[in-house]
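Reader: Please show me a protein model and explain the words used to describe it.

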Amino acid sequence: MTSRNPRDSRLRLVRPRPLAAAPRAVTQRRSPRPAPRPPEGTPPPGELARMARTGLSDAARVARWADAALGPGRDGATPDGKGTLSDASAERAAAELGLTPVQVRADWDTARLAGLIEVHGGNARPGWRLRAWNRDDSAVLRGWVALFDAWSLAYPEPADHEPSAVAEVVSAMPQVLSFLQLSAGPVPMEQLLDLLEQRVTELRTERCEIPYGPQPDPASQAAAENTPLAPLLDWALHALASVGALTCADGQATLTPLGSWAVWVKLEQICVAAQSPAGNIEASAEDMLRGCAQLRPNAARAEYRAWLAARPVGSAITELLDAARGEDALSRGLAFEALRVVGAPAEPDVRAVAEETSLRPYALLWLAVHDGHDPEDAHEVLTRTEATWLWVDTAAAVADHGEAPLLVRHLESAVQPTVPMLLDEVRAVGHPRTVQVLVALAAAHPDPALAKAVRRAAFQVHTGGN
């Protein structure tokens, strides 16, 4: 018996690769796009982060209070131990922080929108941004941008206006903000109202020309078209002012430095996607993921952000999960990388698909990282069977999109200590691509004895034998 006998072959074990192992394994190098520079006069990131910390200081204060007073197991926990902000908790926070209950609830809502507090079902807990608040400028800026993205939720919308008209104004505001950013100074309200009316008209025309998805009720649509837009523009501008994106005075609106920077970031994300060969911003989720397969991780994340920015978050999550259910294992891994960019809004949907066999390992890893696990250690939440399923799925992605040496190196990420144990558990796990993966591995491996054992296992899976 020689050391080449597969029964004695032990895998050279390394730490299992994270969720993006397959996409990164098949990535091809390309010349990086030069880092874009923000418009002249934009404060440096450190100064922008200081502004964001100042604007969110009250929300951070309430979040820290909640962390200290309402966390499970603490003396000051609420009766249900969930850390939720009940009426009693709001009154208690108001007394201890010298605020009114109304102020506490407003700051609590802001903290939630900025990701300083995360609510999972009936539980509330500190977000990772709160942990990094004092040391990580990028975490602070991401938190502020999350609040900026949610501006329409941060300020009560007019109760006496047609909801569809409000939705049209929300959809049209990115163009208004872009105009403000390009103007680099105060813009009269009359000019903004004219631009808003033009954009809303365009949206209505597009909706009539391209009947995609559920169509509005004719009576509701007629009511929206008869709704004056000036009060809604006033609401939108005050909502944006409430999150610190702009100021309104003397009949003019002006973006703050933070607001101008955030709009520039959004425009840059769209430009990145528009410059990609596949035109990813307008592509379906499946085509967008395929277009990102050849990009480096940072460039791919920029594509995900731009694609997500161009559509409602709910439908984007649904489309990504539908793509993950497809036959392409590479798209499955990339879909969950894109969902990582979505962040907290995707959690309920990801938690729901954790019951689906093909998505469960990806969902569990996503949830582990979302819950604060180190990405390098997140694999520890998987059972042996789940880890083996993920190994086969990742191998399928490598076999479909990578090169033979990558598939051979993929052996190193298996949790089993020997090749025979790996083959036994791969056969038992029942992955639909098991045969193809084993055949590809046998063809790629330079060790004839090991390749023979892998081919035998593939044949046994194919015939249902032992």
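Author: The questions and answers below deal with a predicted model. Residues are numbered from 1 along each chain as its sequence is written, and side-chain values use heavy atoms, leaving out hydrogens and water. Local features need pLDDT of at least 70 and side-chain atom pairs count only at pLDDT 80 or more, while totals for chains, interfaces and linings use all residues.

Reader: Why is Pro361 called buried?

Author: Buried means under 20% relative accessible area, exposed means over 50%, and partly exposed lies in between (1.4 Å probe, protein chains only). Pro361 has 1% relative accessibility, so Pro361 counts as buried. Pro361 touches Leu382, Glu386, Trp389 and Leu390, not counting residues up to four places away in sequence; contact means heavy atoms within 4.5 Å.

Reader: What makes Arg105 and Asp87 a salt bridge?

Author: A salt bridge needs a side-chain nitrogen of Lys or Arg within 4 Å of a carboxyl oxygen of Asp or Glu. In this pair the closest N and O atoms are 2.6 Å apart, so the definition is met. Arg105 lies in helix H5 and Asp87 in helix H4, so the bridge ties together parts 18 residues apart in sequence. Helices are DSSP runs (H or I, at least four residues), numbered from the N terminus.

Reader: Why is Asp87 called exposed, and why is Arg105 called partly exposed?

Author: Asp87 has a relative accessible area of 56%, so Asp87 is exposed. Arg105 is at 31%, so Arg105 counts as partly exposed.

Definitions and conventions. Helices (H or I, at least four residues) and strands (E, at least two) are DSSP runs, numbered from the N terminus.
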